[in-house]
Amino acid sequence: MKQYNPDQLREVLNYDSNQEKNFGLVERNQIHRAISLRMDGYDHELPLDLHRKIKEVRAKIKTTGFQPVEIAYYLDNETMHIKSKTLQYE
């Protein structure tokens, strides 16, 4: 079974957040855990069904030409609400 690196897994989560909702809360948590463990140098096997979903999403990313979206969150001091802004790079 193919091991995905943390950048590939982050891209899958970004696609899931900004395009199609493919993963549930537990699956997203498993992906975040795999990212953390791999960044710390540990191998972590994803469940087979989740691995298949990741493979399908990566195929969609390649065919659609999806570009990851970066969002910054900040606290508006006037309203005391958390707001977000999509970052645009030139």
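The following legends describe close-up views of a predicted model. Local features require pLDDT of at least 70 and side-chain atom pairs count only at pLDDT 80 or more, whereas totals for chains, interfaces and linings use all residues. Residues are numbered from 1 along each chain as its sequence is written, and side-chain values use heavy atoms, with hydrogens and water left out.

**View 1. Lining of the largest pocket.** The largest pocket has a volume of about 250 Å³. (On a 1 Å grid over the protein atoms alone, a pocket is an open set of points where a 1.4 Å probe fits, with protein on both sides within 12 Å along at least five of seven lines; lining residues have an atom within 4 Å of a point.) Among the lining residues are Arg10, Asn14, Arg28, His32, Val69 and Tyr73. Helix H1 (6–18), helix H2 (25–39) and strand E1 (70–76) each supply at least two of the lining residues, and H1 gives the most, with five. (Helices, H or I of at least four residues, and strands, E of at least two, are DSSP runs numbered from the N terminus.)

**View 2. Buried face of helix H3.** Leu50, His51, Ile54, Val57, Arg58 and Ile61 of H3 are buried (under 20% relative accessible area, 1.4 Å probe, protein chains only). Seen down the axis of H3, these buried residues fall within an arc of 125° and so line one face of the helix. The elements covering them include H1 and H2 (contact means heavy atoms within 4.5 Å).

**View 3. Outer face and end of helix H3.** The face turned away from the buried side of H3 carries Lys55, Glu56, Thr63 and Thr64, which are exposed (over 50% relative accessible area). Gly65 follows H3 and has a positive phi, near 70°.

Key:
Grid points are joined across faces, edges and corners, and a volume is the space filled by probe spheres set on the points. The arc is that of the directions from the helix axis to the C-beta atoms.
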